[in-house]
Amino acid sequence: QVQLVESGGGLVQAGGSLRLSCAASGRIFNLKTMGWYRQAPGKQRELVASITSGDYTNYADSVKGRFTISRDNAKNALYLQMSSLKPEDTAVYYCNAEVFTITRSSYNYWGQGTLVTVSS
């Protein structure tokens, strides 16, 4: 099995910064596309940013220029640097990964989520 564990969430004032981390472990051969999603109360989960194994990145329009996604393949880790945070960024942030396992199968995994709260 594969586990994704997020960390780095918390309470921050508007205009502040946070860095989220996601550590992947388990029967991993390699990690393919990884991404951060978020879900605010009463809303659907939405893509925040994604990054391919070749470091091609994609961002939601609402976070372009403020958030930066990155990965460390040697550590099986994913990061999200969030700056100029706004109250509307408040949500539970989830790590997602397409994993090619040691059994040569691909599966999609989710972390348990980390709460980011931005106060005005």
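Start with the whole chain in cartoon view: from one end to the other, the pattern reads β-β-β-β-β-β-β-β-β-β-β. That makes 11 strands and zero helices. Here strands (E, at least two residues) and helices (H or I, at least four residues) are DSSP runs, numbered from the N terminus. What you have open is a predicted model, where local features need pLDDT of at least 70 and side-chain atom pairs count only at pLDDT 80 or more, while totals for chains, interfaces and linings use all residues. Residues are numbered from 1 along each chain as its sequence is written, and side-chain values use heavy atoms, with hydrogens and water left out.

**Zoom out**

Show the C-alpha trace and turn it around: along its principal axes the trace spans about 50 × 25 × 25 Å. The radius of gyration is 14 Å, close to the 14 Å that the globule rule gives for 120 residues, so the protein is as compact as a globular protein of that length. (The radius is taken over C-alpha atoms, and the rule is 2.2 Å times the number of residues to the power 0.38.) Color by accessibility next, and buried residues come to 41% of the 120. Buried means under 20% relative accessible area, exposed means over 50%, and partly exposed is in between, with a 1.4 Å probe and protein chains only.

**The four-strand sheet**

Select β1, β3, β8 and β7. In that order, these four strands form an open sheet with antiparallel pairing. The edges are β1 (2–7) and β7, each of which pairs on one side only. From one strand to the next, the twist averages 15 degrees. Two strands count as paired if DSSP finds at least two bridges between them.

Now keep β8 and look at its neighbors. Strand β3 (residues 18–26) pairs with β8 in the antiparallel sense over six bridges, and β7 also pairs with β8 in the antiparallel sense over six bridges. Which residue in β8 is the bridge partner of S21? Click on Y79. On the β7 side, S70 stands opposite Y79.

Follow the chain from β7 into β8 and you go round a hairpin with four residues between the strands. Stop at N76 in the turn, which has a positive phi of about 50 degrees.

Then show the side chains of β7. In a regular strand the side chains alternate between the two faces of the sheet. Here F67, I69 and R71 point to one face and are buried, whereas T68, S70 and D72 point to the other and are not.

**Into the core**

The largest nonpolar core has 32 residues, and W36, L80, M82 and Y93 touch the most other members. Such a core is a set of buried Ala, Val, Leu, Ile, Met, Phe, Trp, Tyr and Cys residues joined through side-chain atoms within 4.5 Å. Which strand gives the most to this core? Pick β9, with five residues.

Center on Y93 and show what lies around it. Leaving out residues up to four places away in sequence, Y93 touches a list that includes L20, W36, V48, F67, L80, M82 and V116. Contact means heavy atoms within 4.5 Å.

**Salt bridges**

Last stop: the charged side chains. How many salt bridges does the structure hold? There are five, each being a side-chain nitrogen of Lys or Arg within 4 Å of a carboxyl oxygen of Asp or Glu.

Select E98 and K32 to see one of them, at 3.6 Å from N to O. E98 lies in strand β9 (residues 91–101) and K32 in strand β4 (residues 28–39), so the pair ties together parts that are 66 residues apart in sequence. E98 is partly exposed at 29% relative accessibility, and K32 is partly exposed with a relative accessible area of 29%.

Move on to D89, which is buried at 1%. Its side chain meets that of R38 in a salt bridge, 3.0 Å from N to O. This pair links distant parts of the chain: R38 is in strand β4 and D89 is in the loop between β8 (77–82) and β9, 51 residues apart. R38 is buried as well, at 6%.

D89 also forms a salt bridge with R66, with the closest N and O atoms 2.8 Å apart. R66 sits in the loop between β6 (57–59) and β7 (67–72), 23 residues from D89. At 12% relative accessibility, R66 counts as buried. Add E46 to your selection to finish: R38, E46, R66 and D89 are linked in a network of salt bridges.

Terms used. Axes are lines fitted to C-alpha atoms, for helices over the stretch in contact, and angles run from 0 to 180 degrees between N-to-C directions.
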